[in-house]
Amino acid sequence: MKRLAVFASGRGSNFRAIVDHARMNILHDVEVGLLVTNDAAAPVVDIARKNSIPAIHIEGIFGKKFPSKQERERARNEFDQKAIDTLKENRIDLVALAGFMQVLGPSIVHAYEYRTMNIHPAKDVRRFGGPGMFGERVHAAVLSAGEKESGCTIHYVDESVDGGPVILQSIVPVEIGDTAESLAHRILIQEHRTYSKAIQLHVDNRLKVLDRKVTIDWSGNWEEDWNRRQEAFIRSQMLLEPAA
């Protein structure tokens with residue numbers, strides 16, 4: 001059984017989706033063992049409490065002003081060390097960033113190298129990722145560029161922002177009349193389905209990283225078995241969708 005920690009700062013819809021996948025026994029050999037947040041008042045904390053998942057607040061640096069770059073870096077290093085200590089104390093094997101509003105520093109990235117994932121709400125993470133590209137800013141940029149499709153990308157975390165080795169992507173067409181909000185909504189549906197799939201691939205030792213590229217072992221009908229298990233989540237997801 002692998003213990004998963006999720007880092008989140010906001011509403012927590014991806015956190016909820018991962019928890020639901022575990023609760024419905026779609027995720028196998030995965031225990032959602034911890035939520036780490038840098039915002040004690042974030043709605044995601046309530047989701048953790050309702051599901052009896054420990055939630056730990058570690059003060060972060062996002063949105064704060066510091067007298068110097070050195071002070072900011074010192075505060076980020078303190079956060080990273082506290083996070084590493086917390087992960088070790090809770091025997092965490094894998095970390096999933098899900099709307100976490102803070103870039104992790106080198107110490108935690110190296111401590112959990114190829115054991116930390118992130119999800120980004122775009123297909124082209126080079127053009128529509130990086131510092132400052134989060135939330136509806138990403139979708140607005142995609143629409144402004146006249147793209148025909150977008151989607152979501154799950155990748156391992158490295159010292160760059162949104163630049164780590166790509167694990168999985170789901171593609172979502174851009175429709176005529178789309179707004180940043182409507183595009184975000186359709187991509188979020190795919191995020192909720194794709195993140196847990198990437199987690200299961202990691203836990204099942206199906207992912208290998210070579211020269212910063214991820215290869216996936218799909219042998220033995222792995223994907224067919226996953227799709228069959230995930231049907232229950234997709235049905236529940238569709239029931240929650242508002243009528244068109």
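**Pocket and ring pairs in a predicted model**

Modeller: The largest pocket has a volume of about 1,200 Å³. The model is predicted: local features need pLDDT of at least 70, side-chain atom pairs count only at pLDDT 80 or more, and totals for chains, interfaces and linings use all residues. Residues are numbered from 1 along each chain as its sequence is written, and side-chain values use heavy atoms, without hydrogens and water.

Colleague: What makes a residue part of the lining of the largest pocket?

Modeller: A lining residue has an atom within 4 Å of a pocket point; a pocket is an open set of points on a 1 Å grid over the protein atoms alone, where a 1.4 Å probe fits, with protein on both sides within 12 Å along at least five of seven lines. Here 45 residues line the largest pocket. Gly99, Phe100, Met101, Phe134 and Gly135 lie nearest its centre.

Colleague: Which element gives the largest share of that lining?

Modeller: α6, with five residues. Helices are DSSP runs (H or I, at least four residues), strands likewise (E, at least two), numbered from the N terminus.

Colleague: Why is the pair Phe7 and Phe100 called edge-to-face?

Modeller: Rings of Phe, Tyr and Trp (its six-membered ring) pair if their centres lie within 6.5 Å; planes over 60 degrees apart count as edge-to-face, under 30 as stacked, the rest as tilted. This pair has 5.3 Å centre to centre and 80° between the planes, so it is edge-to-face.

Colleague: What does the pair tie together?

Modeller: Parts that are 93 residues apart in sequence, because Phe7 lies in strand β1 and Phe100 in the loop between β4 and α4. Both are buried (under 20% relative accessible area, 1.4 Å probe, protein chains only; exposed is over 50%, partly exposed in between). Ring pairs also link Phe7, Phe79 and Phe100 into a cluster.

Methods. Grid points are joined across faces, edges and corners, and a volume is the space filled by probe spheres set on the points.
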